[in-house]
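Q: I would like to learn how to read a protein model, beginning with a single helix and then stepping back to the whole chain. Could we work through it together?

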Amino acid sequence: MDLPALQKALRELDLDGWLLYDFHGQNPTALNALGLAGHMLTRRWCYLVPREGEPTVLVHAIELGSFPREVVGERRSYTSWTSFQGELSRLFSRLRGRRLAMEYYPNGAIPYLSRVDAGTLELMRSLGAEVVSSAELVQRFLCRWTPHQLASHVRALRAIDDAKDAAFEQIGLALKRGIEVTETTIQRFLLSEFSRANLECDHPPIVAVNAHAGDPHYEPSEAAPTRIRKGDLVLIDLWARGKGAQDVYADITWVGFCGDRPPERLERIFRVTTEARDVGLETLRRAHVEGRTLQGWEVDRAVRDHIAAAGFGDAFVHRTGHSIGTEVHGDGANLDDLETHDTRPLVPGLAFSIEPGIYLPAEGLGVRSEIDVFLAEDGPKVFSKIQRELVRV
């Protein structure tokens, strides 16, 4: 993090400090902020960034020597639970006041910012801290992409776009030649394409046929493989990132039909879904032209209203989009007025998906259309192809 800029922001927000706290990885935001993911830390630790002066690390004595030296600041240690509380009190006494940001959100309304357990919040408050949410700081300093990250996204996006095209081609060739092809066959093919492009992912891509496409988080099974046949609907959702520590994800979903003439019902829900996706993107573009900063829920509401007006509101069962970062589901603002009411501002530097879906598993149908959007200073950008028609496989 840029310490001078962070401390300037603390003053602007009338905060006395940002207290990053973690135990056993329960706060991945804190780990990512300090680059600690993968380090062996088995006891509670804190990192206090004051609005003025040097940050301080508070870590258990047995891990004082192993705590990474790259993390700037004074080192202090504790051994017992009483010394932990005593050291916290001493840290707080150095501050101008005790208004501290932590990874907390009132009423747990934004789970991505609700990382600190209730007991620790009670402890901080008992020591005189006024705990407020770090949401604004997380967005400003951890979620906005650097030029390197944007470039890594574009590289990953081009590679998974190509992999998706090749996957549909593989299905077509197998059907033409009468060779058996299954969801897991194509899933393995996509993973091999990722490996060839030097990409990684946290979970294998989704390849879903017919009613399986009506399950937003369907997982293909090697134990019970599903064959892809002529006349089938095929949904492919794939995400991956480069292997650099700061590389970010690309995440897209396309839908195809194994044949020349998709059923009218499939064509209709595809059209409504892609129109809703475009409504989301146009809502962002119009706000930029008008100089307005939208909140995450507002884009979700525009997309959701379009699908509801077409009669499919009950079949759109997830938020419109999620933040994207070094994790495929990042800590920034989501496009969400369903699972949460996300009031965080969509500011330049953030990136997120727009991925409405209509899921009708009882009819053997499901459609999702997903693009990634980067909010540049000159407006929202999409660096992938945008699906306009069902892929004819």
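A: Let us begin with what one helix touches, bearing in mind that this is a predicted model. The buried residues of α7 pack against α6 (147-177), β7 (199-200), β8 (206-209) and β9 (233-242).

Q: Which residues of α7 are buried?

A: Buried means under 20% relative accessible area. In α7 that description fits E183, T184, I186, Q187, F189, L190, E193 and F194.

Q: How many residues does α7 have, and what should they span?

A: The expected span of a helix is 1.5 Å times one less than its number of residues. Helix α7 runs over residues 183-196, and its 14 residues should therefore span 20 Å, which agrees with the 20 Å between its end C-alpha atoms. Just after α7, N198 adopts a positive phi of about 60°.

Q: Stepping back, what does the secondary structure of the chain come to, and what radius of gyration would a compact globule with 393 residues have?

A: The chain comprises 9 helices and 16 strands. A compact globule with 393 residues would have a radius of gyration near 21 Å, and the chain, at 23 Å, agrees with this. Along its principal axes, the C-alpha trace spans about 70 × 45 × 35 Å.

Q: What share of the residues is buried, and what share of the contacts with a separation of 6 or more comes from residues 24 or more positions apart?

A: Buried residues make up 53% of the 393 in the chain, while residues 24 or more positions apart account for 67% of the contacts with a separation of 6 or more.

Technical notes
Residues are numbered from 1 along each chain as its sequence is written. This is a predicted model: local features need pLDDT of at least 70, side-chain atom pairs count only at pLDDT 80 or more; totals for chains, interfaces and linings use all residues. Side-chain values use heavy atoms; hydrogens and water are left out. Helices (H or I, at least four residues) and strands (E, at least two) are DSSP runs, numbered from the N terminus. The radius of gyration is taken over C-alpha atoms; the globule rule is 2.2 Å times the number of residues to the power 0.38. Buried means under 20% relative accessible area, exposed over 50%, partly exposed in between (1.4 Å probe, protein chains only). Contact means heavy atoms within 4.5 Å.
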